[in-house]
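This report looks at a structure through its strand pairing, its nonpolar core, one chain contact and the confidence of the prediction. The sequence and the structure come first.

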Amino acid sequence: MKAKRILAAVLAVSTVSLFGCSQQKSTDVSSSGETESGTSSAQSEDLSYANVELGTSYKDLKADIKFISHKTDLVNADYNGKKFADYFAEFNKMYPNIKVNVETITNYVSDTLLRLQGGNDWGDVMMIPAVDKADLSTYFLSYGTLDEMEKQINFARTWEYKNEVYGVPSAANAQGLVYNKRIFKEAGITELPKTPDEFINDLKLIKQKTKATPLYTNYFAQWTMGAWDAYVSGSATGDSKYMNQVLLHKSNPFTNPGDGTGPYNVYKVLYDAAKDGLIEKDYTTTDWESSKAKLNNGDIACMALGSWAFSQIVGAGSHGDDVGYMTFPITINGKQYATAGGDYSYGINVNSSKEKQEASMVFVKWMTEKSGYPFDQQSLPIKAGDTKYPEVFSSFEDVELVVDDPAADGEEDLLNKLNSDSELNINAGGNDKIMKIVEHASNGDESFDDIMKDWNEAWTKAQQKENVTVS
Amino acid sequence: METNALGAKKRNAFNFKKWSRSRNGQQTFIIIAFMIIPLLLLFVFTYLPFGEMVKFSFYDMKYVGRRTWVGLQNYKDVFQRTDCFAALKLSLYYLLGGVLQIILALYLATILSFKVKLGNLFKGCMFFPFLINGIAVGFIFKFFFTRGYVFDTVLQWCGFSLQNLPYWLKDQSVNNFSLMGASIWRYFGQNMVLFIGAIMSVDGSMYEAAELDGANKFQQFIYIILPNIKSIFVLNIMLSVSGSLSAFEPPYVITAGANGTATYFVVMDRIAHTSQKVGLASAMAVVLLGIILILTLLQKLFFKYVFKNAEDDNPKKFKREQRKLAAAKGGAAQ
Amino acid sequence: MTTKEAKKRGILWPIIKYISLIFFSFVALLPVVSCVNTSFKSMDEYRNTNVMQLPLNGIDFSNYVKAFKEANMGRAFINSGIILVCVLVGSTIIGTQLAYVLNRFKFPGNNLIRNLFLFATLLPGIAMQVPVYKIMHDLGFINHLYGYIIMMMGTDVISIYIFIQFFENIPVSLDESAILDGASYFTIYRKILLPLLKPAIVTSMLLKGVGTYNEYYCANLYLQDKTKLPTVATSLYTFVGPRGSEYTLICAGVIISLLPALVIFILCQKQIYSGIAMGAVKG
């Protein structure tokens with residue numbers, strides 16, 4: 001289930017989405033004032049997402065398409081939910097002549113990049129890996145203009161460049177912590193923690209009063225550590241501009257702001273937990289698959305994972321009722337927020353044949369609107385206007401979901417550059433730096449402030465290299 | 001082939017005919033015919049990508065997208081970064097492992113080269129780990145080193161108590177030794193088989209003569225076996241130097257290079273994959289290649305010196321042994 | 001006095017000898033034996049008992065059946081078999097021919113070519129994957145068994161050196177007398193030298209065979225269609241992802257994957273040693 005490295009890799013590069021979507025509101029497209037749509041009428045005869053009418057358009061199209069996915073679990077015979085094959089079978093009821101062949105990849109991020117650089121016949125639909133936005137049109141077909149697409153889907157700006165949309169998110173998630181309600185209760189915790197200090201205290205209580213591992217890091221799986229990066233933006237700041245705009249120009253962003261918010265305090269939670277022995281004893285041999293069952297039955301009190309993990313953990317044992325989901329314990333001016341955003345997005349090969357592109361477009365739209373796939377994956381609604389929220393978000397009543405705003409014009413790829421230069425790779429698979437926090441805290445060989453100092457230096461250097469104005 | 005030659009003769013009835021019939025002509029023909037495929041393969045799958053890699057090392061580039069020429073900047077970075085050369089320090093573990101591995105292999109090879117009950121069974125057992133593929137090695141050793149699992153259990157049988165045992169992969173003072181152990185485990189059998197082959201080539205009558213002279217087994221080892229396999233032995237040690245510098249698989253499959261176990265190549269891999277600095281990673285590869293080449297050169301000088309003083313000096317044999325080891329090394333790298 | 005010492009050593013030495021053999025065989029087998037042991041357990045039993053405790057229900061092959069099916073190992077064995085046969089035959093032909101030419105003929109560039117092959121062993125394969133992928137794609141080799149097979153033959157330097165070394169031990173006078181009889185060079189290679197190379201061929205095939213059978217990196221990259229083109233090595237990737245912790249299944253898969261290699265090694269053991277030994281004869 002490495003598959004679900006959702007935020008780690010995706011939000012990552014991508015970043016963007018225009019509107020702050022909160023639970024009650026479904027969509028709000030009004031803020032896209034700066035986008036222009038002068039050419040939209042010219043699209044009518046061209047292939048576009050908006051023009052596809054499921055069940056009517058391309059009804060007689062015959063095509064075999066190849067779909068490359070990161071979801072290795074959905075082809076597994078033992079998977080206890082709907083598998084790809086099930087979705088495809090339903091799809092074929094509406095489009096009997098479009099055959100979808102799926103290939104799932106374990107090392108998704110690096111393998112797909114290799115395939116992209118290797119040539120343009122990798123298949124027809126893939127989940128867009130970490131490419132620069134400026135290169136999107138080299139590899140992927142536009143679904144339509146931003147204007148058009150925002151009427152069709154939420155999170156349309158996840159892979160938008162120069163007013164064209166190249167990716168449709170397969171799902172969207174909010175960030176928080178999965179926890180075991182029974183264990184929290186047994187430890188005497190009556191109210192969910194709202195600040196890092198409260199959280200660490202609660203973990204200590206759990207350690208004293210129960211046998212559960214307070215916070216399980218899933219260090220060995222690596223991608224699981226990406227959750228900590230994901231908290232940095234919305235959850236830790238409540239600022240939708242933070243990730244793609246503020247962070248780029250902020251001097252020493254990893255300094256303690258002193259009010260218990262910001263990236264510093266996110267990573268400090270992990271450091272303190274590791275330092276105080278509130279994590280598993282041997283983090284080098286952790287086991288992702290069994291951790292789900294352990295949280296379910298109360299051997300583990302909580303884990304840092306995106307909302308997608310909730311249903312898996314509920315289903316991993318016989319105590320699904322004990323499993324809860326909470327937002328990250330940071331409070332900004334009395335209010336709690338949670339980072340939210342699009343997951344891996346479908347991209348269509350710009351070099352495929354016309355028929356295959358049409359078939360792919362139909363398939364993507366069907367997966368988004370008719371398959372029920374996003375809901376099955378405990379995703380926030382993808383189809384515009386859809387208001388059906390999965391169960392996991394029931395605990396988010398007082399929490400505002402924050403979707404990252406896009407970068408300013410001309411800075412679309414700046415975050416990628418800074419990430420690469422600094423090698424911090426925030427929200428871009430930079431799991432090793434987070435693992436080092438665990439190591440340093442456990443070994444006691446570097447203080448947290450020193451680690452943050454190193455990160456600040458790396459970030460500053462990267463900003464200098466890219467000539468970023470810093471404030 | 002004869003028919004081919006005939007065909008060639010018929011088609012070219014002039015001077016070429018004479019030439020092609022001559023030994024010289026046939027020689028040229030066979031040289032070209034036999035070499036064209038292997039050279040083509042070597043060029044396409046080794047030197048062409050190598051050239052590309054060297055080219056990459058002068059660019060600031062990702063997997064996909066534009067590249068910018070940066071000259072020697074990547075090389076400067078390799079030397080200025082703290083993590084690149086710090087990672088080479090880990091090579092010392094693998095070097096030590098390599099030496100231990102050779103000594104162990106030689107010891108066992110010596111035993112097994114003579115009459116031993118169930119000798120083939122023992123050989124098979126010890127060569128066994130070499131047959132296992134890398135992914136499986138990763139599974140096996142995570143399993144092996146997990147707290148309270150295989151290794152801990154066996155040590156408990158031996159009277160250790162679990163409290164006194166370290167966490168084999170977590171504890172940074174031992175985890176590189178754990179990986180070194182896994183590396184020895186994987187490759188000592190292969191070394192041993194090579195040594196057995198070399199020892200078997202020693203003329204059997206020499207032992208008989210030695211025994212008649214009253215030499216014991218240890219003396220036989222020192223005075224007969226060792227001189228005869230000296231070159232393979234010393235060369236093996238030198239090869240383990242380059243092997244340890246480029247150690248990759250044990251940390252990669254067992255710990256993914258986390259927790260202070262990232263060797264030079266693991267760091268390189270991470271720089272290429274996570275940070276997508278393909279240019280820098282290429283430069284790292286070129287730098288390491290340079291280091292290995294220098295060491296290989298030093299090794300050659302060293303052997304020139306050693307073999308000048310050796311009584312049974314035979315440059316031809318030396319050359320051959322050297323090639324053989326290169327071959328053996330290639331096998332290990334697969 | 002001396003005889004007494006000798007006698008003493010005569011008893012002591014075998015003891016040390018067998019103890020070390022048994023000990024190191026144990027060390028070599030322990031990780032694998034623990035794997036076998038676990039492969040016979042059910043998931044529940046695995047969770048609740050020590051890993052080294054023998055399975056309660058004795059020998060139960062259900063994990064093997066499951067692993068074999070889920071990892072598509074039937075198909076994987078067929079593919080690996082095809083790959084092995086082709087690569088071994090191909091690299092043996094290429095290797096012996098090249099070695100023949102390099103060893104028997106003096107021509108300009110002979111040394112250069114030898115050095116090119118030698119140098120190739122030092123090149124870091126992992127660092128070159130980006131350009132190699134591009135080349136494989138441009139040749140249309142991706143997702144085809146033949147593409148992977150050709151690439152695997154191309155990377156072979158081992159066999160060539162084993163063969164060159166062997167040719168050096170075959171007296172040139174053999175060739176010369178054949179030439180006097182009017183044999184062509186190809187006949188000499190095919191009819192006279194190749195049969196003499198048999199031990200070297202077995203050795204190189206074994207080393208190359210183990211390498212090819214276990215090669216997972218390129219197989220994963222270039223044989224992308226995992227339903228049609230799994231190899232035994234890449235089929236183990238099935239257990240990396242969602243199956244990451246079902247150790248009972250993983251262990252069964254690991255054991256299945258190494259059985260064929262083990263069987264072949266046991267069958268060919270003798271030839272290997274003699275192959276190496278003959279290579280080193282007549283220094």
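## A buried strand in chain A

In this predicted model, Thr339(A) has Val402(A) as its bridge partner in β14(A). This pair belongs to the ladder between β12(A) and strand β14 (residues 399-403) of chain A, which run parallel and are joined by five bridges. A second partner of β12(A) is strand β8 (residues 172-180) of chain A, which runs antiparallel to β12(A) and is joined to it by three bridges; here Asn173(A) is matched with Gly341(A) of β12(A).

Strand β12 (residues 336-342) of chain A has seven of its seven residues buried, so it is largely enclosed by the rest of the structure.

## An open sheet and the helix across it

Chain A also holds an open sheet of five strands, in the order β2-β1-β3-β13-β7 and with mixed pairing. The edges are formed by β2 (98-104) and β7 (168-169) of chain A, and because each has a single partner strand, one side of each is left without a neighbour in the sheet.

At the β7(A) edge, the partner is strand β13 (residues 345-348) of chain A, paired in the antiparallel sense over two bridges; within this pairing, Pro169(A) has Ser345(A) of β13(A) as its bridge partner. Helix α14 (residues 354-369) of chain A lies across β1 (63-69), β2, β3 (125-127), β7 and β13 of the chain, and runs at about 55 degrees to β1(A).

## The nonpolar core

The largest nonpolar core has 315 residues, and those that touch the most other members are Val178(A), Leu270(A), Phe363(A), Phe195(B), Met268(B) and Val254(C). Helix α10 (residues 175-200) of chain B gives the most to this core, contributing 14 residues.

Leaving aside neighbours within four places in sequence, Phe195(B) is in contact with Ala105(B), Leu106(B), Ala109(B) and Ile229(B).

## Contact between chains B and C

Between these two chains, 83 residues of chain C are in contact with 84 residues of chain B. The side of chain C that touches chain B comprises 62 nonpolar, 17 polar and four charged residues.

## Confidence in chain B

Chain B has a mean pLDDT of 82, with 86% of its residues at 70 or more. Over residues 5-9 of chain B, however, the pLDDT is below 50, and this stretch has six contacts in the model beyond near neighbours in sequence. The pLDDT is also below 50 over residues 329-334 of chain B, a stretch for which the model shows 14 contacts beyond near neighbours in sequence.

Methods
Residues numbered from 1 in each chain as written. Chains lettered and ligands numbered in written order. Predicted model: local features only at pLDDT ≥ 70, side-chain atom pairs only at ≥ 80, totals over all residues. pLDDT = per-residue confidence, 0-100. Contact = placed C-beta atoms within 7 Å. Nonpolar A, V, L, I, M, F, W, Y, C, P; charged D, E, K, R; others polar. Core = buried A, V, L, I, M, F, W, Y, C linked by C-beta atoms within 7 Å. Buried ≥ 20, exposed ≤ 12 C-beta atoms within 10 Å, placed from the backbone. Helix = DSSP H or I, 4+ residues; strand = E, 2+ residues; numbered from the N terminus. Pairing = 2+ DSSP bridges. Axes fitted to C-alpha atoms, helices over the stretch in contact; angles between N-to-C directions.
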